[in-house]
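Reader: I am new to this structure. Please take me closely through one part of it, the nonpolar interior, and then set that beside a few other spots.

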Amino acid sequence: MTRVEEIEGLRKEVDSVDEELVQLLRKRLNLALQLGELKKTAGLSVKDVERERQVLAHVRKRASGLGLNPDDVEAVYEEVMAMCERGQKGRVKVAYLGPVGTFSEEAARSYFESAGADFTPCPSVHDVSRLVDVSDADFGVVPVENSLEGSYTVALGLLLETRLMVCGEVERRIHHNLIAKPGTRLQDIRLVVSHSQALAQCREYLERTLPKAERREVASTARAVEMLKELENAAAIGAMTSAKIYGMEVLAKGIEDQPNNFTRFFILGHTDCQTTGRDKTSIIFAVRDVPGALFKALEAFSTRDINLTKVESRPTRGQPWQYVFYLDFEGHKDDVKCREALTDLASKCIFLKVLGSYPRAVTKT
């Protein structure tokens, strides 16, 4: 047999395998379509990020056992899963706090990286909420808490006021950069613009490096970088991505005061996540203004050995010196002891809202 004949023989085998692969892809898509219809009938979200992560973890393990590169196989499967999800529902629509280049966009893309999603930047967290609320977006991504500066109060207020549920979370390590127009010198800067949280997270750097520069708060870090086109002798604090997008220059990298600077983002939607075994639940509640009321409320968790990961009080709008409490605890609301704790808590509260249960975040650095 000549080399040419060997090549032709192997090509026929490749063609045969390709035919099998296409048939298997069609079979997988049909199964995904059936699953999608069953989920809709059961009132469940078509999008199940935790299930996707489990599938990809299994695929990586199988790939390694067969001597394949796990990264290459995962990349192929991400495309297969995206194709199936598009068949189930069309592309997932995700709204985030914009404009393009914000940390919220980075969080959104990292969370929905395998979903084949369409991303929509919004000028405020209220706009993110509105798009999801009226179903112009399937999910919304908003910052809710920073490890150094605490909670984003606007986002917490939305959770109280809207019908939206928390169906996921993502954590990102935040690296801030001092950004300016190309050619700008550090000594020329008279104004620094950014989001209030970014300015606070770089306070020591600014006091040390630019003590005389005015500081101005804007809606987002990316908006601050975008504004530089219209400003003179100004700099912005933002992400490296936004500097590239808007054609700006990075004057200093990693200017955050503390290296362990993480921001937590909530994924907002209309449905709960199913139990995964590594879940968290977020709730809002209020108690009567009497001695021991909060202590008795929290006993619902302590007596059942449920770990609380966050407790925070916030003023109630329109009612001076009245407060609601935001609380996160480990476990899913459908777990037996968590369900019992919520029932017990409800009997001791004047208000209780379960925001949702969702898989605990895997920190993205």
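Author: Keep in mind that this is a predicted model. Start with G101. Leaving aside neighbours within four places in sequence, G101 is in contact with A222, A239, S242 and I245. G101 sits in the loop between β1 (93–97) and α4 (103–111). Its relative accessibility is 1%, under the 20% limit, so G101 counts as buried. G238 is 137 residues away along the chain, yet the C-alpha atoms of G101 and G238 are separated by 8.6 Å.

Now the interior. In soluble globular proteins, nonpolar side chains tend to be buried together. Here the largest nonpolar core has 25 residues. Those touching the most other members are A95, V142, L159, V166, F266, L268 and I284. Several elements each give two or more residues to this core. Among them are the strands β1, β3 (139–146), β11 (262–269) and β12 (279–286). The helices α5 (125–133) and α6 (153–161) do so as well.

Look closer at L159. Not counting residues up to four places away in sequence, L159 touches V166, F266, L268 and I284. L159 also touches K353 and L355. A second core is separate from the largest one. This second core has 20 residues, including V49, A108, A117 and F119.

Last, the surface. V17, L21 and L24 form a nonpolar patch there. Together they have about 270 Å² of accessible area. V17 belongs to helix α1 (residues 3–41). At 44% relative accessibility, V17 lies between the 20% and 50% limits, so V17 counts as partly exposed.

Technical notes:
Residues are numbered from 1 along each chain as its sequence is written. This is a predicted model: local features need pLDDT of at least 70, side-chain atom pairs count only at pLDDT 80 or more; totals for chains, interfaces and linings use all residues. Side-chain values use heavy atoms; hydrogens and water are left out. Helices (H or I, at least four residues) and strands (E, at least two) are DSSP runs, numbered from the N terminus. Buried means under 20% relative accessible area, exposed over 50%, partly exposed in between (1.4 Å probe, protein chains only). Contact means heavy atoms within 4.5 Å. Patches are made of residues with over 30% relative accessible area and no salt bridge: like charges are joined within 9 Å, nonpolar side chains (Val, Leu, Ile, Met, Phe, Trp, Tyr) within 5 Å. Accessible areas come from the Shrake-Rupley method with a 1.4 Å probe; for residues, only the protein chains shown count as cover. A salt bridge is a side-chain nitrogen of Lys or Arg within 4 Å of a carboxyl oxygen of Asp or Glu. A nonpolar core is a set of buried Ala, Val, Leu, Ile, Met, Phe, Trp, Tyr and Cys residues joined through side-chain atoms within 4.5 Å.
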